[in-house]
Amino acid sequence: SRRADGVGCLGLQYSSVYPACELCLYRTQWTGLSVTRVCLQQLSVSQRVFNIANELLHTEIAYVSKLHLLDQVFCAQLMEESRSRASFPPDVVQGIFSNICSIYCFHQQFLLPALQKRMEEWHVNPCLGDILQKLAPFLKMYGEYVKNFETAMELLTSWTQRSVPFRTIIQDIQREERCGSLSLQHHMLEPVQRIPRYELLLKDYLHRLPPHAPDYRDTQKSLELIATAAEHSNAAIKKMERMRKLLMVYELLGGEEDIVSPSNELVKEGHILKLSNKNGTSQDRYLILFNDRLLYCVPKLRLIGQKFGVRARIYVEGMEVSSVAVPRTFLVSGKQRSLELQARYDRPMDRQVDRQVDRKVERRTDRRAPTPIREKEVTLCMTCQEPFNSITKRRHHCRACGHVVCGKCSEFRARLSYDNNRTNRVCVDCYATLLGVPPPPATLTNLTQRRRSILEKQASLAAENSVMCSCLYYQERGGGRGWQKAWFIIPEKEPLVLYIYGAPQDVKAQRSVPLIGWQVSLPESCDRRHAFKMTQSHMTLLFSAEAEELQTRWMDVLSRAAKGEEPVAHSPIAECLDEEGEEPAAENT
């Protein structure tokens, strides 16, 4: 049935890997073409089964190398540092890596050698089910690792921030080629995902096996055992994702709300406008909907990152939602409280853009009072862009759009619907919009024919697309002026330029500083905390941040820009406090 060169009578290369085909090739001499089709089909099934088994072996080799990296590199080096120098507690390392050592030993000493041996003798024993059925019960050890995964991620994040030696060891290992430019968190996810992958491969393997194959029954039993372990793993993955979302909301609320519970489920969250029952004013609020309650939250003033405080809780049981005649507005009624809310446009997290859109709508309809911009957030008139002062250039609010403008730019009057059609002070733009006619020419002498300055970048809009922005104190050494508080922005479109604004809502920067060529470092001495400096030739600019983290981020961004490198955007954007320790304004409801 075979020639000496190993080629069958049909010209098909014979391989000892497929012993079932030898009979088919032999019978082909007698039965002709019909049996040839059977032979080709038999070869295809055998090849597919072999390919799946081979894939399992190769993925297992790669997986064991990942386990080696976790246990023998990351865990070993961190444990050595903790025991020899006590830079951090050994319990932290144990809490992060859990029972990864046991998992690594099982795969490296038992499962992988068994698979390698079986593939070497595949031509005489083409089976996988018996190996997996014998070793599958050991996969229960993954339960402990999966249950601990969320805690491990929290410990890893916390100690990366708290301990410099801890962070340095991890970063040094992550730079090595064997890490493949992936983080430790990414590698730690591999054991969580491995059991479901076993299940998928084994299902495919069983699907390819003929029902009468010797390996079929053992493979069925193996699949049942692995499927049970995979259910626990998949459930843990879903549970961890739910817990991760709850923890993010928990941190958003400053850890003051007891929401981290297996029975809680986050449904939706986002910014919304709260409409006052008294005067119709709209206020920026944040809603968080769970499966059992609705949290109505107000923003807290913070230097770095956005946090919210819970103002009211409305439980889903007994809650009613009804529509209102005003577009995008609805009423939420509960036993505890009723709220009239107005939905935003399709970019709910884009607060500044939505605020601009809302102002345009208010200008057209003037049915509701605007949300006024706080006076301390502006140092220039938002129309003519002249600086304010306490004598000749005082601040006034436009009653139609809420902008802060000077007396000259707000000497117009218009009737507003939300104020029972009474006459109110409005800016020139709102006057033209509401009355449909331009202002008298005599009133526009100072408002027209003005050339646009290169510094005219509205701070609030520039901050939306910025590499970095926050409030800092600064002074120029030898400039004769003391420390000044200002709003600093590096725009994404101009990542090598620093813009300095008097306040977060100013429409014009006081100064711009091209950053290439500057030296960024810590000052030898300074009378303020968290200080850093920029020097170039004979000029030195001193800066002071409110916190050490903010100081570090600014120094990193400025150093990159000074070298001509485009900085990496930092988020979340830092927010400015008008005064240290100032509390949020009382709600006008």
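This short talk goes through the overall make-up of the structure, then helix 7 and the core around it, and finally a sheet with its covering helix.

Please keep in mind throughout that what we have on the screen is a predicted model. The protein has 589 residues, of which 46% count as buried, and it contains 14 helices and 18 strands. If we take the contacts between residues at least 6 apart in sequence, 56% of them join residues that are at least 24 apart.

Let me begin with helix 7, which runs over residues 164–174 and whose buried residues are Phe166, Ile169, Ile170 and Ile173. Why do these residues sit on the same side of helix 7? The reason is that they cover an arc of only 90 degrees around the axis. At the N-terminal end, helix 7 is capped by Ser163, with a side-chain oxygen of this serine lying 3.3 Å from the backbone nitrogen of Phe166.

Phe166 deserves a second look, since leaving aside residues up to four places away in sequence, Phe166 touches Leu78, Phe88, Val92, Ile96, Leu156, Trp159 and Thr160. Phe166 also belongs to the largest nonpolar core, a set of 64 residues in which Phe97, Phe166 and Met188 touch the most other members. Which helix gives the most to this core? That is helix 2, residues 33–85, with 16 residues. As general background, nonpolar side chains in soluble globular proteins tend to be buried together.

There is also a second core, separate from the one just described, which has 25 residues and includes Ala486, Phe532, Ala545 and Trp554.

Now to the sheet, which is an open one made of 7 strands in the order 15-14-13-12-18-17-16, with antiparallel pairing. Strand 15 (511–514) and strand 16 (519–521) stand at the edges, and because each has a single partner strand, one side of each is left without a neighbour in the sheet. On average, and with direction ignored, neighbouring strands of this sheet are turned by 35 degrees against each other. At one of the edges, strand 15 pairs with strand 14, residues 497–501, over 4 bridges in the antiparallel sense, and here Ile500 stands opposite Arg511 in strand 15.

Finally, which strands does helix 14, residues 548–562, lie across? They are strand 12 (466–476), strand 13 (484–491), strand 14, strand 16 and strand 17 (531–536), and helix 14 runs at about 105 degrees to strand 12.

Key
Residues are numbered from 1 along each chain as its sequence is written. This is a predicted model: local features need pLDDT of at least 70, side-chain atom pairs count only at pLDDT 80 or more; totals for chains, interfaces and linings use all residues. Side-chain values use heavy atoms; hydrogens and water are left out. Buried means under 20% relative accessible area, exposed over 50%, partly exposed in between (1.4 Å probe, protein chains only). Helices (H or I, at least four residues) and strands (E, at least two) are DSSP runs, numbered from the N terminus. The arc is that of the directions from the helix axis to the C-beta atoms. A polar contact is a pair of N or O atoms within 3.5 Å; within protein, one must be able to donate a hydrogen and the other to accept it, and residues adjacent in sequence count only if both atoms are side-chain atoms. A nonpolar core is a set of buried Ala, Val, Leu, Ile, Met, Phe, Trp, Tyr and Cys residues joined through side-chain atoms within 4.5 Å. Contact means heavy atoms within 4.5 Å. Two strands pair if DSSP finds at least two bridges between them. Axes are lines fitted to C-alpha atoms, for helices over the stretch in contact, and angles run from 0 to 180 degrees between N-to-C directions.
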